[in-house]
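I opened a fresh page for this one. Here is the model I will be looking at.

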2 protein chains.
Amino acid sequence: MYNQLYFVICMDFLIELKNAGFTSRLKRLSDALLYSTKDFYKTVGADIEPNWHLVFLILKRQGALSLTDISDQLQLSHPAIIKIVNNMKSKGYVETKTDTVDSRKQIITLTELALVTLPRLEAYWAAFEETVQDIMKDCPDFLTDLGKVEENLRGSSFKDRTLMNLNSTTKQLL
Amino acid sequence: MYNQLYFVICMDFLIELKNAGFTSRLKRLSDALLYSTKDFYKTVGADIEPNWHLVFLILKRQGALSLTDISDQLQLSHPAIIKIVNNMKSKGYVETKTDTVDSRKQIITLTELALVTLPRLEAYWAAFEETVQDIMKDCPDFLTDLGKVEENLRGSSFKDRTLMNLNSTTKQLL
DNA sequence: TGAATTAATATAACTGGTTATATATTTGTA
DNA sequence: TACAAATATATAACCAGTTATATTAATTCA
């Protein structure tokens, strides 16, 4: 009952927190999109995970890439890419071979199966793009603003900025 | 070498993807904030996790709450709250007792330790709020726009919208 | 050339969320 | 009142990222 009511009058604890709720709202939204995407793939019977998308894309566009090439460009950690690639490999979508010049490197490429499957996946991804456009229809600057936030954090991290703010406030009190 | 260059000229594979990179950028940002926050707590020597923040806040404001009260209001799943509460309990910040009226319910409250620790944590959270303000200084509508996106998705989920988009495109081809 | 440094990959352990499922208690109703 | 349905909590299994650490190969430089 209480929870029903809570939604009906559309209170949202996180939104009420204003700036203090920002990071949690971002995570909540990000998670919602992630699990909704998983659900979508399950419904349409596609045997892939949401986070394979970027790896499919980058390999299709750039051909053979090493693990670190991928992790650098996607700005994800190496272990993250290793896991994704291993999973894609186990489903037969990518194959790896050690570089002939530098035997430390694993060169990753899409398989025939991947190339055959891609058109179907690309139809899904086009539909997702449309959805993204839809949900941002009434806020056309959202993506640009997101870029500004990313850019600001590139200059100085969330942690560093907060340490600075903490220190300046503490000093003011003295 | 390549990866260095990649950053210097500030190319970003996800940003180049435009709408197709939206969800991944949201996740990347959300994760960056999360791990930066963990790092912050570690640096200042606070023995708490980022996701305890909301539970601290809601319990301070609303006093005793059941697990479902919390999960409904924060819009997180029950298991998520159970884990957070168990961790907070193991550190002595909350205590639970079964409701006298409805013995299914676990009533959660902040402990003395929590109340004593809160002022220190609140100083951190105030600094975080400042940081949020800082990184959104040049995009004052970002939070409002985030609200619009959340609102749009409340109407129809990411998955449902995408299924619709997929069907309408497919039909157009016939 | 040999030793120290750097780079690439791999693995372990962790946090943080989700579904799916089970169990016990309450509530609603025939 | 008894039984079915709903509610509250708990647990298992999973996916998705991180940091920290180890290992091996390549590079640098004295």
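My notes below go from the two protein chains to one DNA strand.

**Ground rules.** I am working with a predicted model, where local features need pLDDT of at least 70, side-chain atom pairs count only at pLDDT 80 or more, and totals for chains, interfaces and linings use all residues. Residues are numbered from 1 along each chain as its sequence is written, chains are lettered from A and ligands numbered from 1 in the order in which they are written, and side-chain values use heavy atoms, with hydrogens and water left out.

**The two copies.** I laid chain B on chain A and got an RMSD of 0.0 Å, with a turn of 180° and a shift of 0.0 Å along the axis. That is how a two-fold axis relates copies. The fit is by least squares on the C-alpha atoms of residues with pLDDT of at least 70 in both.

**DNA strand D.** I found 28 residues around this strand, and A:Asn51, A:Ser77, A:Lys83, A:Ser103 and B:Arg104 come nearest. Sugar and phosphate make up 71% of the strand D atoms that come within 4 Å of the protein. I counted a residue as near if one of its heavy atoms lies within 4 Å of the strand.

**Individual atom pairs.** A polar side-chain atom of A:Asn51 sits 2.4 Å from a phosphate oxygen of DNA strand D. For B:Thr68, a polar backbone atom is 2.9 Å from a phosphate oxygen of the strand. Which part of DNA strand D does the side chain of B:Arg104 have at 2.6 Å? I found a base oxygen there, paired with an N or O atom of that side chain.

Terms used
Polar contact = N/O pair within 3.5 Å; in protein donor to acceptor, adjacent residues only side chain to side chain.
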